[in-house]
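Me: Hey, could you walk me through this one? I haven't looked at it before.

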2 protein chains.
Amino acid sequence: MAEHTVTFDTHATTVRVPTGTLLVDAARLAGIPLSQPCGGQGRCGRCAVQVTSGSVRSRSTLRLNSEDIASGYTLACQSVIEGNINVTIPPQDKIERRLTTDRTVAEVTVPPGYDPGQSQTIRRVFLSLAPPSLDDQTDDWSRLQTALRNQAGISSLQVSLRMLQQLGAVLREGEWQVTAVIDIAEAKPGQALEGRLVALTPGRHVDEPLWGAAVDIGTTTVTLWLVDLASGTVRAQASEYNQQINRGEDVVSRIIYASKNGGAAEMRSLVLGTINGLFQTACKRVKANPAEVIKATIAGNSTMTHLLLGLPAQSIRLAPFVTGVNQLPLLTAAEVGLEIHPEATVDCLPGIASYVGSDITAGVYSSGMDDAEKLTLFMDVGTNGEIVLGSHEWLISCACSAGPAFEGAGVSDGMRATSGAIEEIWIAGREAAAPYEPNFRVIGNVPPVGLCGSGLLALLAELFLTGIIDKGGNFHTSLSTPRVRQGDHGLEYVVAWAKETGHGRDIVFTRTDIDNLLRAKAAIYAGFSVLATSVGLSLDMAEQVLIGGSFGKYINVEKAVQIGLLPDMPWDRFSFLGNTSVKGAYNALLDREARKKITDIASRMTYLELSADNSFYESFMSALFLPHTDLSRFPSVALAIENER
Amino acid sequence: MAEHTVTFDTHATTVRVPTGTLLVDAARLAGIPLSQPCGGQGRCGRCAVQVTSGSVRSRSTLRLNSEDIASGYTLACQSVIEGNINVTIPPQDKIERRLTTDRTVAEVTVPPGYDPGQSQTIRRVFLSLAPPSLDDQTDDWSRLQTALRNQAGISSLQVSLRMLQQLGAVLREGEWQVTAVIDIAEAKPGQALEGRLVALTPGRHVDEPLWGAAVDIGTTTVTLWLVDLASGTVRAQASEYNQQINRGEDVVSRIIYASKNGGAAEMRSLVLGTINGLFQTACKRVKANPAEVIKATIAGNSTMTHLLLGLPAQSIRLAPFVTGVNQLPLLTAAEVGLEIHPEATVDCLPGIASYVGSDITAGVYSSGMDDAEKLTLFMDVGTNGEIVLGSHEWLISCACSAGPAFEGAGVSDGMRATSGAIEEIWIAGREAAAPYEPNFRVIGNVPPVGLCGSGLLALLAELFLTGIIDKGGNFHTSLSTPRVRQGDHGLEYVVAWAKETGHGRDIVFTRTDIDNLLRAKAAIYAGFSVLATSVGLSLDMAEQVLIGGSFGKYINVEKAVQIGLLPDMPWDRFSFLGNTSVKGAYNALLDREARKKITDIASRMTYLELSADNSFYESFMSALFLPHTDLSRFPSVALAIENER
């Protein structure tokens, strides 16, 4: 049998292998183990390498796009060596990044040209005041105002009683040298500046970080970015389950709880506890004190915003589904209950409807779809699924109650995407050496303790593709595998045996879990359909699909399409933007113009009330199957089923 | 002996009396007892009658002005009948009012042309909103804003979180018919109206009173006027000792107390307790609930304002004597701690210096001196004495620490001017039938329990004029009267014996009391002198003297001049204006223009710091005598002494 030379450029190693050897085996021979989380089935894309000279025969190019293929990329587990080749093995993180349709966390970069003096509403100035004397008995407050007018051009200043109460002591402690933080109101060019005094500290403090925070209050997860407003950089990120979760997993149950005696106060206190805990965590990481945070910009769905602010949320739940307030005035931390600087500006971004809140207006802004030429479909999948269709010309939105399944909640072994969570999974087919056995990737490379959203989604897709469950989500009981078994709550699939797990218990996926996920994905897909239909378009006309949400960050498009969550279209139309809500809040925190654009988005976005749309229920029922009752809508999935079975 | 006919027109009675009979005796004969509180010494003016035909020989016309005399007025106790006469006896209240230099309480009249729609910052509007539906899911807050824009022309509305929290319930309870109270900001003609939502109630409530309050916080006494802003009328008045009084009688001791640990909070709570009690009292009287009060305009000296608002007051007391804030922003009742509508606007009027507060700027406004052509001397005698000299062209002010003696505090048997207080007193001279015996008038015509400010002032003057004390305030011990005796604290004069009093204890006036009053009056007179000198004028150039303050309301000019408190000038130059501070607050509460003028007064009034003025101490020492070391400054007093002794 002919032998060929395989040179691994990156490792300066050469091996000789017989014709027909798989590239992945040649690499192993050369002492270069390639990552194969899917077990060498050519489905995860993780073993992609670049053949820089010579060529291989590829059995499958799944997960590679045409550009990749033209550059010589191939899946090592699917590549048969039939001649001499040179191979470059990209660093693993480069693969991760290249697989844009798999998972991409857009890095947080400071907006180009960020100039705190121009972009920010917040201004920090050092002031040197003339001390009072018997010849100049000007009162403290006028003295400070004069200094601000003369030294910073701020002619009109709002102030709270609380601030006035501290004024005298601060001025004297600083011996009439103080640093003031002002929140400058919108000013027309050439007009005098007006602002609100947010903070006053003795002495000169203009070279230290100036702390602000962007907060996304999700139904399930609350995320906080601690930002140095002086440089614009995100200095710490923290996120945590919303403590309200124990009082109801979705917004409706939260509203019901809040409408009971004392419930609203409890809900408010729970989410405040969560946010204040995140402030502690994030500040600790950068050795700051939460009391130094002087601005917080908050995005969240309308229910979360109402519960945070103690606004009655009952009307959100009951027809005709109206909120108390969509556009909130600027508040202070003390009013809201945030344990940061009591005078810190709290800017709650504007929402537009009961189920399209500021997380979506902020998300649309940070996704850029409001400026896009292309017809864009934007979705944010969290506990609810909100969908926006449009471009720079128009925007229409709707909301579908997806439930918290995709955030790992409401599922037997669901968990957040933290260490120990299975985030991706592949199941061997019936023809494999070990049929129906799973292979998975765990966050942090530790023994697994549960499944996060992307893991659950992958699992559902794999169970379906391998024929372990049928299109209705029912388990086939006749398969020769111990993994499908009768559990305490009906049939279930064992993802990991107790001995393999981090907590010593089996990790399972039950029929009930499947139903929860089916309902979640059906609600979202039905939303897409109804929204497109309402404007006389079909889903496949969308030129790009932008996916936000903490869940979207880790989503696997292929699998999302396979279960019928996402419409079946070329993968390169999908982009994953991570938590677009907190990003939008971050933009609004930094930039007055971004903040204005979010208001503009809120005012021009149309809201489609699905509950008032007769076609929604029908669309939902059709989407309760894997991938859909109408398989013709999912040609790539039809092909995959054929290949697999 | 010749007899004459005396006809009392008012009583249709005639008597015949011999020549030389006193008119007062003729009246008694006719069964018409005339009031003679001074015991027939011709000094109180209370027995004034009008001789309409014929004439009498008047021994004295004290307390009658030339106009009175020309109209036939005469003092019945000083009029000798020498021919037939007709006499008209004016009703007692008419006498009281005619004796303008004795006591005048200016009645509170609504400013002419008061139009709440124009003058007021507060506007109340009934709104009918379209209920939400699936076709109109506008949020509650936008719905209300739209109604206000369309139905009341108010285009921009501030709102607190507290108000937003109640919004949904109020709108639904009123079935989308609500009454809104808005505090409208300053608007230029033709510009859109902007305001702040103060109150929102279900249903239509535009014909009910719209409650506001004017408050004067005196060091000793707090006064509150409850006003129906719809009509402008004062519907209830209430006043009470400032509860802080037990923690110090003057502002300096209050500041010292407040600077101790917890002292400021206690002071704040005490004055809030006082004001909130007055709101209860006043509201009860008109069957209103304090929670319905939606605006309060507050005047007070700078220390009172600082203590009320929890502002540090220490710098007021220590050189260079500066306040924390002279011009406060608009606050809300909740911030301040007033137990009225929590969103009620609290407008603290502007002061100008540590010892010239908003009680003076408000007082100057309500006195009209800021518009006067005449050179005017304005004084407000409360616990402090503040003095303003000027006219519509210029204003200069100073403050002298008078102490609370003139408010009845800090004096053995001092009390407020309420029922049981001796408010005026006359002492018989050494030649009288009952030498050195007093005659007094008691508020409410009940047995006396103490002396109020005007009573103390009269007592001091009478003791001096009758020679019971000398010009240094020392008792003459050689007089044949049991009234001057050795008491527990040195020599004292017994004003009323235990058996005559309401509480069964002697009412006395001690040497210490005399010293307190001397210091108080000396401080004020020295203030006049230094202020006039500072602008190169002499005191007698003042064309009018306007006297405000709760004490000033009941002051007796003659006696005030006799003790050297007021400068010796023709009585018709003096006007007594009552509590000018609360009146100014009332004007500012009603009228946006009045409020602006008070700001204008504050900005154009010069403040003279007496402690930085070398001549003050000398002036003060010279004024510590009765009436003054330089008797030539008090010619009328010199004459009275001569007459009396």
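Reply: Sure, here is a quick chat about the two chains and one sheet.
Reply: It's a predicted model, where local features need pLDDT of at least 70, side-chain atom pairs count only at pLDDT 80 or more, and totals for chains, interfaces and linings use all residues. Residues are numbered from 1 along each chain, chains are lettered from A and ligands numbered from 1 in the order written, and side-chain values use heavy atoms, without hydrogens and water.

Me: How many degrees of turn lay chain A on chain B?
Reply: A turn of 180 degrees, plus a shift of 0.2 Å along the axis, with an RMSD of 0.2 Å (least-squares superposition on the C-alpha atoms of residues with pLDDT of at least 70 in both). That is the relation of a two-fold axis.

Me: Which residue of chain A comes closest to that axis?
Reply: A:Glu335, whose C-alpha is at 5.7 Å.

Me: New topic: what order do the strands take in the open sheet of chain A?
Reply: E24-E25-E26, three strands with antiparallel pairing. Strands are DSSP runs (E, at least two residues; helices are H or I, at least four), numbered from the N terminus, and pairing takes at least two DSSP bridges. The edge strands are E24 (484-487) and E26 (507-510) of chain A.

Me: How many bridges join E24(A) to E25 of chain A?
Reply: Four, and E25 covers residues 490-496. A:Val484 has A:Tyr493 in E25(A) as its bridge partner.
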